Amino acid sequence: MTTPNKTPPGADPKQLERTGTVREIGSQAVWSLSSCKPGFGVDQLRDDNLETYWQSDGSQPHLVNIQFRKTTVKTLCIYADYKSDESYTPSKISVRVGNNFHNLQEIREFGKSLVGHFCLGVSHAVTVLCQQLELVEPSGWIHVPLTDNHKKPTRTFMIQIAVLANHQNGRDTHMRQIKIYTPVEESSIGKFPRCTTIDFMMYRSIR
């Protein structure tokens with residue numbers, strides 16, 4: 001029996017932020033959890049500290065609910081650390097989008113979007129099975145593109161992350177950080193045509 005390859009870490013999302021093509025919008029959302037141990041909740045998921053974490057305190061599936069005004073979302077980033085969390089580390093995750101709790105649907109393009117041409121340039125970041133993410137001892141950032149089959153970002157009111165199983169059949173789960181990115185649209189403000197004619201070039205600098 002072959003041993004599954006470990007899930008390699010993705011790039012630090014801050015590298016993508018520095019390109020100016022996306023913006024993190026988690027602060028604009030209302031966050032809720034299916035359960036949490038006191039002192040290990042939403043604040044720990046959003047504190048930019050990889051040493052802290054959300055810890056669930058209930059039965060599976062463990063849910064993270066992220067609600068917006070209707071928003072365009074492109075990428076979801078989750079930080080998990082098997083070396084520190086062991087049996088608390090998620091092994092199977094479902095990501096769902098929709099208008100509210102009653103019409104959520106799983107993202108359907110994992111198979112095409114994640115394997116082979118990952119949106120942040122990281123190939124084979126997860127194994128894809130039945131529209132769910134199968135993680136093998138992840139230690140780092142996991143990047144999930146929230147795009148349709150035309151690679152267009154998703155418009156949604158809500159994202160739900162469901163932890164369906166943990167490593168070693170663990171009951172409760174740990175997640176250390178979650179970030180959500182929207183594309184930054186280029187603005188025509190401040191853009192000027194290039195000065196290519198002799199007449200234009202005479203005035204390209206202040207004398």
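Are Tyr79 and Trp141 buried or exposed? In this predicted model, both Tyr79 and Trp141 are buried, and the sections below set that pair beside the sheet and the salt bridges.

## Overall composition

The protein comprises 5 helices and 13 strands, and 44% of its 207 residues count as buried. About 12,100 Å² is exposed, with carbon and sulfur atoms supplying 50% of that area. Among contacts between residues at least 6 apart in sequence, 77% join residues that are at least 24 apart.

## The aromatic pair

The count of aromatic pairs comes to 2. One of them joins Tyr79 and Trp141 in an edge-to-face arrangement, with 5.2 Å from centre to centre and 75 degrees between the planes. Because Tyr79 lies in strand S5 (residues 75-81) and Trp141 in strand S10 (residues 139-145), the pair ties together parts that are 62 residues apart in sequence.

## The four-stranded sheet

Strands S5 and S10 also belong to an open sheet of 4 strands, which runs in the order S1-S13-S5-S10 with antiparallel pairing. Strand S1 (22-24) and S10 stand at the edges, each with a single partner strand, so one side of each is left without a neighbour in the sheet. From one strand to the next, the twist averages 25 degrees.

At the S1 edge, S1 pairs with strand S13 (residues 177-183) in the antiparallel sense over 3 bridges; here Arg23 has Thr182 of S13 as its bridge partner.

## Salt bridges

The structure holds 6 salt bridges, among them one in which the side chains of Arg46 and Glu24 meet at 3.0 Å, N to O. Arg46 lies in the loop between helix H2 (42-45) and strand S3 (54-55), whereas Glu24 lies in strand S1, so this pair ties together parts that are 22 residues apart in sequence. Arg46 is partly exposed, with a relative accessible area of 23%, while Glu24, at 18% relative accessibility, counts as buried.

The side chains of Asp48 and Lys179 meet in another salt bridge, at 2.5 Å from N to O. Since Asp48 lies in the loop between H2 and S3 and Lys179 in strand S13, the pair ties together parts that are 131 residues apart in sequence. Asp48 is partly exposed at 47% relative accessibility, whereas Lys179 is buried, with a relative accessible area of 8%. A further salt bridge links Arg176 with Asp85, whose closest N and O atoms are 2.7 Å apart. Arg176 lies in the loop between strand S12 (174-175) and S13, and Asp85 in helix H3 (residues 82-85), so the pair ties together parts that are 91 residues apart in sequence; both Arg176 and Asp85 are buried.

Terms used:
Residues are numbered from 1 along each chain as its sequence is written. This is a predicted model: local features need pLDDT of at least 70, side-chain atom pairs count only at pLDDT 80 or more; totals for chains, interfaces and linings use all residues. Side-chain values use heavy atoms; hydrogens and water are left out. Rings of Phe, Tyr and Trp (its six-membered ring) pair if their centres lie within 6.5 Å; planes under 30 degrees apart count as stacked, over 60 as edge-to-face and the rest as tilted. Helices (H or I, at least four residues) and strands (E, at least two) are DSSP runs, numbered from the N terminus. Buried means under 20% relative accessible area, exposed over 50%, partly exposed in between (1.4 Å probe, protein chains only). Contact means heavy atoms within 4.5 Å. Accessible areas come from the Shrake-Rupley method with a 1.4 Å probe; for residues, only the protein chains shown count as cover. Two strands pair if DSSP finds at least two bridges between them. Axes are lines fitted to C-alpha atoms, for helices over the stretch in contact, and angles run from 0 to 180 degrees between N-to-C directions. A salt bridge is a side-chain nitrogen of Lys or Arg within 4 Å of a carboxyl oxygen of Asp or Glu.
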